[in-house]
Amino acid sequence: MRNRTRNAHKIPLRSGRRMPDHVPGKAAVPDYSIYHFSRKELILNLLFYMALDAVVSFLFYRSMAAFVLFLPGAYLFLRSRREVLKRARSREMLSEFTTGMQMVNASLQAGYAMENAFREAAVELRKMYPEDSFIITEFRWILSQLSLNVPVESLLMDLGRRSDIEDILHLAEVFQTAKRTGGDMIGIIRGSVTSIQAKTETLDEIEASLSGKASEQRIMSAAPLAIIAYTSLTSPGFLDPCYHNTLGVIIMTIALVLYAAAFLWGRKILQIEI
């Protein structure tokens, strides 16, 4: 848990802000369904793509025209990066939410009412996470709405929808049903949180076991580019027949397509969905 809290805010929220239709109040709350780049992230990712474009254009075509032709691919690259960052943020959000609900459950077991349990949990969470972290932001919003007599089940449902995380939405739905039917709230929260925690721990174990494979995949992905660059430097003229002629362009294009397909396939295999 200590490692999680230390790294809790490495993935920024970068979310749009909107008002949920079913929760009153004037303050806007984050919508996490779309990841929005910061200006710094956008510039760094564009610079990285342009550098990659320059390397690929030189190694496979040695042509400025190829560099210009591949520039529109920045859109696909940024979309891919956005999804990667969103998945990382969602993992962190789920971890923080699990911790938060564990605190709520502990307060309920200590005899606090539901609303007071969230207040006590918020106090403890502030000792673990920065003020601008996901869980502190959301608990602050929940507490502000509880003071306006908004039902806690509506707030959790709103959070589940905005988070775009299936486990949070599922817990909110179970909580709402139990609240309406008078179920065992403590047992339901404990069971749901235990289930989410077990899933999170399983994902962590899978990630740890695949970390070596992920490093190998990155190295193997860079190997073809390194081989072409090494050949060009150590044997000038050896690859000249592959450039600036129709057959050479066709061959290098086929090689580039196969390389890109292999890279995307390898990344897809190692991708873990929450």
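Which helix does Phe 139 lie in? Phe 139 lies in helix α6, and we'll come back to that spot once the overall layout is clear.

Keep in mind that this is a predicted model. Across the chain the pLDDT averages 84, and 88% of the residues score at least 70. Some stretches do worse: over residues 1-11 the pLDDT is below 50, although the model still gives this stretch 19 contacts beyond near neighbours in sequence. Residues 17-27 also stay under 50 in pLDDT, and here the model has 31 contacts beyond four places in sequence. So much for confidence; on to the fold.

The secondary structure adds up to 10 helices and 2 strands. Walk along the sequence and you meet them in the pattern α-β-β-α-α-α-α-α-α-α-α-α. The chain has 274 residues, and 39% of them are buried. If you take the contacts between residues at least 6 apart in sequence, 64% of them join residues at least 24 apart.

Now back to α6. This helix covers residues 134-146 and packs against helix α4, residues 74-109, at an angle of about 50 degrees, with the two axes 9 Å apart. An angle between 35 and 65 degrees falls outside the parallel and perpendicular ranges, so α4 and α6 count as oblique to each other. Their crossing is right-handed. On the α4 side, the residues involved are Met 93, Glu 96, Phe 97, Gly 100 and Val 104, and they meet Phe 134, Ile 135 and Phe 139 from α6. Sorted by character, the residues of this contact come to 6 nonpolar, 1 polar and 1 charged.

Phe 139 is a good residue to zoom in on. It has a relative accessibility of 3%, and since buried means under 20%, Phe 139 counts as buried. Leaving out residues up to four places away in sequence, Phe 139 touches Gly 100 and Val 104, along with Phe 118, Ala 121, Ala 122 and Leu 125. Take Ala 122: Phe 139 is 17 residues away from it along the chain, and their C-alpha atoms are separated by 6.3 Å.

Next comes another helix pair, α7 with α8. Helix α7 spans residues 152-163, while α8 runs over residues 166-181. The two pack at an angle of about 160 degrees, with their axes 8 Å apart. Angles over 145 degrees count as roughly antiparallel, which is why α7 and α8 get that description. This crossing is left-handed. From α7, the contact takes in Val 152, Glu 153, Leu 156, Met 157, Leu 159, Gly 160, Arg 161 and Ser 163; facing them in α8 are Ile 168, Leu 169, Ala 172, Glu 173, Phe 175, Gln 176 and Lys 179. Here the split is 8 nonpolar, 3 polar and 4 charged.

Two charged members of that contact are worth a look. Is Glu 153 buried or exposed? With a relative accessibility of 15%, Glu 153 counts as buried, because the cut-off for buried is under 20%. Setting aside neighbours within four places in sequence, Glu 153 is in contact with Phe 175, Gln 176 and Lys 179. Arg 161 also has its place in α7, but at 46% relative accessibility it counts as partly exposed. Arg 161 also leads us back towards the start of the chain: Ser 33 is 128 residues apart from it in sequence, yet the two are 8.5 Å apart in space, C-alpha to C-alpha.

Methods
Residues are numbered from 1 along each chain as its sequence is written. This is a predicted model: local features need pLDDT of at least 70, side-chain atom pairs count only at pLDDT 80 or more; totals for chains, interfaces and linings use all residues. Side-chain values use heavy atoms; hydrogens and water are left out. Helices (H or I, at least four residues) and strands (E, at least two) are DSSP runs, numbered from the N terminus. Buried means under 20% relative accessible area, exposed over 50%, partly exposed in between (1.4 Å probe, protein chains only). Contact means heavy atoms within 4.5 Å. Axes are lines fitted to C-alpha atoms, for helices over the stretch in contact, and angles run from 0 to 180 degrees between N-to-C directions. Angles under 35 degrees count as roughly parallel, over 145 as roughly antiparallel, 65 to 115 as roughly perpendicular and the rest as oblique. A crossing is left-handed if the near helix is turned anticlockwise from the far one by less than a right angle, and right-handed if clockwise. Ala, Val, Leu, Ile, Met, Phe, Trp, Tyr, Cys and Pro count as nonpolar, Asp, Glu, Lys and Arg as charged, and the others, Gly among them, as polar. pLDDT is the predictor's confidence in each residue, from 0 to 100.
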